[in-house]
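Reader: I would like a close look at the salt bridges of this model, with the criteria spelled out and with the surroundings of each partner described. Please take the pairs in turn and then place them in the chain as a whole.

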Amino acid sequence: MSQFKTIILTTDLSENSRAAVPFALELASKYGGTVHLVHVFEDLMYTGVMVDGSMGYDPTPFLEQAEKEKQAQLTALAAKLSASAPAGVRVLPVYIKGNANAEVLKYAAAQHADCIVMATHGRTGFSHLLFGSVAEKIVRTSPCPVLTIKPDHVAEAHKAAQAK
């Protein structure tokens with residue numbers, strides 16, 4: 001049986017991505033592991049594909065501000081998770097720039113991760129075609145097991161548990 005000591009928990013810092021948190025913390029608690037809270041900053045999301053230097057627009061100040069904000073959000077989230085984590089579980093914030101699926105996979109391999117835990121956005125149709133699925137790409141090529149959490153299932157399970 002595998003022991004999940006090095007757990008990669010991905011986050012895009014949205015509420016949706018927080019659905020995976022309890023699962024990562026539970027695994028870490030059960031196996032005495034460490035949670036690496038990974039956020040990948042994709043600057044193309046902020047500059048837009050259509051913007052180029054010839055238009056007289058310099059996105060640098062905007063990107064620098066967006067990066068600072070995301071780093072601060074990641075640090076705050078890691079502190080919050082550390083404070084609420086079961087005894088003995090460490091939560092390490094990891095900030096990376098680049099392509100989300102490629103950087104998560106690279107980080108997981110470098111850390112010899114035992115598991116990647118991530119929430120899915122559950123996009124379908126045109127939205128899925130346009131944006132693709134980071135989770136899907138990671139599941140297909142991951143060097144370790146991947147636990148994907150669909151947030152609406154977590155909400156339904158939580159409601160059912162509350163009703164009992």
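Author: A search through the whole structure finds four salt bridges, a salt bridge being a side-chain nitrogen of Lys or Arg within 4 Å of a carboxyl oxygen of Asp or Glu. The model is a predicted one, in which local features need pLDDT of at least 70 and side-chain atom pairs count only at pLDDT 80 or more, while totals for chains, interfaces and linings use all residues. Residues are numbered from 1 along each chain as its sequence is written, and side-chain values use heavy atoms, with hydrogens and water left out.

Among the four is the pair of Arg-140 and Glu-136, whose side chains meet with 2.6 Å from N to O. These two residues lie four positions apart in helix α6 (residues 134-141), so about one helical turn separates them; helices here are DSSP runs of H or I with at least four residues, strands are runs of E with at least two, and both are numbered from the N terminus. Arg-140 is exposed at 60% relative accessibility, whereas Glu-136, at 34%, is partly exposed; buried means under 20% relative accessible area, exposed over 50%, and partly exposed in between, with a 1.4 Å probe and protein chains only.

Another of the salt bridges joins Lys-106 to Glu-103, with 3.3 Å between the closest N and O atoms. Both belong to helix α4 (residues 100-110), and because they are three residues apart there, about one helical turn lies between them. Lys-106 is exposed, with a relative accessible area of 53%, but its partner Glu-103 counts as buried at 15%.

A further pair is Arg-18 with Glu-15, where the closest N and O atoms are 3.2 Å apart. In this case Arg-18 is partly exposed, with 29% relative accessibility, and Glu-15 is exposed, with 61%. Side chains of opposite charge can pair when their charged atoms come close.

As for the chain that carries these pairs, it has seven helices and five strands, which follow one another from the N terminus as β-α-β-α-α-β-α-β-α-α-β-α. Of its 164 residues, 38% count as buried. Among the contacts with a separation of 6 or more, 80% come from residues 24 or more positions apart, contact meaning heavy atoms within 4.5 Å.
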